[in-house]
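Student: I've just opened this one and I'm not sure how to read it. Could you take me through it, one feature at a time?

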Amino acid sequence: MATALILFAHGARDPEWASPMRRVQAAVRQRVAGIPVELAFLEFMAPTLPDCAAALVAGGADKVVVMPMFIARGGHLKNEVPAMLATLRLTYPAVEFVLGGAIGENEIVVQAMADAALVSAGMELA
């Protein structure tokens, strides 16, 4: 089974907004050589999730893990994204699409943000 990973971010009108997401993509690619790791956006930026998924499926992926690069599970992740995945599953019935949880709700990310906040405030880490 050829698995691919899509880091799925919100997107913004300012192209510089995507720089941290591209850094995450580069870091993941460096750690998992040979597995496609792409970056897609919900709005304002390209590629979109459907475009990115189409390219990965055309490249041979039969399992696509969509990892939401969102701080928390809000309206987009509760409503729009599941509907988008339902459409992808109908469009590519032979492909397994898996939706991960919001990256910001992962405890390791919560702790990293707490550390970054303390360091930025000039406080010692406990």
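Tutor: Sure, and let's begin with a term. The bend at a residue is the angle between axes fitted to the seven residues ending there and the seven starting there. You'll also need the naming: helices (H or I, at least four residues) and strands (E, at least two) are DSSP runs, numbered from the N terminus. Keep in mind that this is a predicted model, where local features need pLDDT of at least 70 and side-chain atom pairs count only at pLDDT 80 or more, while totals for chains, interfaces and linings use all residues. Residues are numbered from 1 along each chain as its sequence is written, and side-chain values use heavy atoms, with hydrogens and water left out.

Student: Where in α3 is the kink?

Tutor: At Val-81, shortly before the proline Pro-82, and the bend there is about 30 degrees.

Student: How far does α3 reach from its first C-alpha to its last?

Tutor: The expected span of a helix is 1.5 Å times one less than its number of residues. Helix α3 covers residues 75–91, 17 residues in total, and reaches 24 Å, close to the 24 Å expected.

Student: Which residues of α3 are buried?

Tutor: Here's the general idea: an α-helix has 3.6 residues a turn, so residues three or four places apart point the same way. Buried means under 20% relative accessible area, exposed over 50%, and partly exposed in between, with a 1.4 Å probe and protein chains only. In α3 the buried ones are Leu-77, Val-81, Leu-85 and Leu-88. Their cover includes strands β1 (3–9), β3 (63–68) and β4 (96–99), along with helix α2 (49–58).

Student: Let's zoom out. How many helices and strands does the chain have?

Tutor: Four helices and four strands. Read from the N terminus, the order is β-α-β-α-β-α-β-α. The C-alpha trace spans about 50 × 35 × 25 Å along its principal axes, and 29% of the 126 residues are buried.

Student: What about contacts between parts far apart in the chain?

Tutor: Contact means heavy atoms within 4.5 Å. Of the contacts with a separation of 6 or more, 72% are between residues 24 or more positions apart.

Student: Can you show me that with a residue? Which residues does Phe-8 touch?

Tutor: Phe-8 sits in strand β1 and counts as buried because its relative accessibility is 0%. Leaving out residues up to four places away in sequence, its contacts include Ala-40, Val-66, Met-69 and Val-81. So Phe-8 touches the kink residue of α3.

Student: And Ala-40, is it buried or exposed?

Tutor: Buried, at 0% relative accessibility. Ala-40 lies in strand β2, and among its contacts beyond four places in sequence are Phe-8, Pro-47 and Cys-52.

Student: Where is Pro-47?

Tutor: In the loop between β2 (37–41) and α2. Now the background: most residues other than glycine have a negative phi, and most peptide bonds are trans. Here, Ala-46 and Pro-47 are joined by a cis peptide bond, with omega about 5 degrees. The loop between β2 and α2 also holds Phe-44, whose phi is positive, near 75 degrees. Phe-44 is partly exposed, with a relative accessible area of 44%.

Student: Which residues does Val-95 touch?

Tutor: Val-57, Ala-61, Asp-62, Lys-63 and Val-64, not counting residues up to four places away in sequence. Val-95 is in the loop between α3 and β4, and at 11% relative accessibility it counts as buried. Its C-alpha lies 7.7 Å from that of Val-57, 38 residues away along the chain.

Student: Last one: how much space lies in the largest pocket?

Tutor: Rolling a probe the size of a water molecule over the atoms shows where empty space is left. On a 1 Å grid over the protein atoms alone, with a 1.4 Å probe, a pocket is an open set of points with protein on both sides within 12 Å along at least five of seven lines, and lining residues have an atom within 4 Å of a point. Grid points are joined across faces, edges and corners, and a volume is the space filled by probe spheres set on the points. Here, the largest pocket holds about 370 Å³. Its lining includes Met-21, Phe-70, Asn-106 and Met-113, and helix α4 (residues 107–120) gives the largest share, four residues.
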